[in-house]
Amino acid sequence: METKVWNEAIEFDSSIKEAAQFLLNKQVVAFPTETVYGLGADATQEAAVQRIFEAKGRPSDNPLIVHVADKDQVEKLVHVIPPIARQLMDEFWPGPLTIIMESNGSAAENVTAGLSTIAIRMPDHPLALALLRTTDRPLAAPSANRSGRPSPTTAEHVFQDLNGRIAGILDGGPTGVGVESTVVDCTTEIPVILRPGGVTKEDLEQVLPEVIIDPALANEEQSPKSPGMKYTHYAPEAPLWLVDGEEDFFHDQMEELSKQGYRVGVIASDQLAAQLEHASLITCGSRDDLAQIAERLYGALREFKKADIDIILCETFPETGVGAAIMNRLTKAAVKKIKQY
Ligand code: TXA
Ligand code: MG
């Protein structure tokens, strides 16, 4: 299959129209959102949705997020909108917040992977919204990467993973948030964060009297409520080691591995990078600006190729604000964590 790439900078209207037509013909098309690129299909068409699972190599028991252009579309997908969910939509939509509600069964069955609940969000991106309005369909869209790989934050990343496997890619330039949406389960009395993301726990606490984090996220013995959180994820080509400690400690680990003959790649903040002299080093922004780290993280994870690098060392970040999402992804991507005592 030839994958068509539309550059929105050239002809916005005709690109959207053509991409929408592909979707209505049950093809899959990647498009930008404010978080990461999504791989979209008509959420009401089982055959279209099936193509998402095939293109990504995604396990069929991992349900998809349904994207909508307005709140009326939500009414058509759920039994009722719980008051707390409505409050969250009013406050955070369009934006990086996915809300789990009881499904009324009108989405294709493979969207929800057999669950009674459905995940819905309204993305905050002009291209995504234009595509949703033009198709006038809810669009199921997981991140547009091959399963297990870091999510794509540019059209080029999507192309690397899915060229020849999908009908098209709408190129809207780099995404802004850089990590995926926060997934919140609103089917229980107290809402539960199933996946930390672009809307932080602190943001949610401004609006909700109480919100908890799925305890399974911090405990490997428990199985998480969000099926996707149990899979290996975000893995770069070379094994990633997280180094939790002072700058000197990081430096010593790096030197030791180099001395043993490993080709070491480093992902570091500007602050740590300034303290290290190392040839293969990627900086992903200031430690004082976690939003910037989030924006550049997945690009950095994709940068090192296994032909050049044996081990990637990456520093850890504070788990406040969007730092919770950053550390959640890094912990899943890492094969090893070295802690200074
Ligand atoms: O920012 C994002 O959320 C991006 C963009 C494209 O919107 N999408 C995204 O989708 O990250 P995906 O498929 O990579 O992650 C969806 C997550 C998975 O962990 C999945 O298990 C969970 O949401 N999920 C979907 N439906 C669910 C449900 N009914 N109950 C619990 N978890 C659900
Ligand atoms: Mg994903």
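## Ligand 1 and its surroundings in a predicted model

A nitrogen atom of ligand 1 lies 3.2 Å from an N or O atom in the side chain of Ser226. Taken alone, ligand 1 exposes 680 Å², and the protein buries 97% of that area. The structure described here is a predicted model, so each value was computed from predicted coordinates. The predictor's scores are ipTM 0.99 and pTM 0.96. The mean pLDDT of the protein chain is 95, and 99% of its residues reach 70 or more.

**Contacts of the ligand**

Besides the nitrogen contact with Ser226, two oxygen contacts are found, with the side chains of His67 and Arg121. The table gives the three distances, each to an N or O atom of the side chain.

| Atom of ligand 1 | Side chain | Distance |
|---|---|---|
| Oxygen | His67 | 2.6 Å |
| Oxygen | Arg121 | 2.9 Å |
| Nitrogen | Ser226 | 3.2 Å |

**The pocket and the shell**

Where does ligand 1 sit? Ligand 1 occupies the second largest pocket. Four elements give two or more residues each to the shell around ligand 1: strand S3 (37-42), strand S4 (65-67), strand S6 (117-121) and strand S10 (192-195). Which of the elements gives the most to this shell? That element is S6, with four residues.

In total, 28 residues surround ligand 1. The closest are Thr35, Asn62, His67, Ser181 and Gly228. His67 is also the residue whose side chain has an N or O atom 2.6 Å from an oxygen atom of the ligand. Sorted by class, the shell comprises 14 nonpolar, nine polar and five charged residues.

**Two features of the backbone**

Most residues other than glycine have a negative phi, and most peptide bonds are trans. Two places in this model depart from these patterns. The peptide bond from Trp93 to Pro94 is cis, with omega near -10°. Pro94 is placed in the loop between helix H4 (83-92) and strand S5 (97-102). The other place is Ala113, a residue other than glycine whose phi is positive, near 50°. Ala113 belongs to the loop between S5 and S6.

Notes:
Residues are numbered from 1 along each chain as its sequence is written. Chains are lettered from A and ligands numbered from 1 in the order in which they are written. This is a predicted model: local features need pLDDT of at least 70, side-chain atom pairs count only at pLDDT 80 or more; totals for chains, interfaces and linings use all residues. Side-chain values use heavy atoms; hydrogens and water are left out. A residue is near a molecule or strand if one of its heavy atoms lies within 4 Å of it. A polar contact is a pair of N or O atoms within 3.5 Å; within protein, one must be able to donate a hydrogen and the other to accept it, and residues adjacent in sequence count only if both atoms are side-chain atoms. Accessible areas come from the Shrake-Rupley method with a 1.4 Å probe; for residues, only the protein chains shown count as cover. On a 1 Å grid over the protein atoms alone, a cavity is a set of points where a 1.4 Å probe fits but cannot get out, and a pocket is an open set with protein on both sides within 12 Å along at least five of seven lines; lining residues have an atom within 4 Å of a point. A molecule sits in a cavity or pocket if more than half of its atoms lie within 2 Å of its grid points. Ala, Val, Leu, Ile, Met, Phe, Trp, Tyr, Cys and Pro count as nonpolar, Asp, Glu, Lys and Arg as charged, and the others, Gly among them, as polar. pLDDT is the predictor's confidence in each residue, from 0 to 100.
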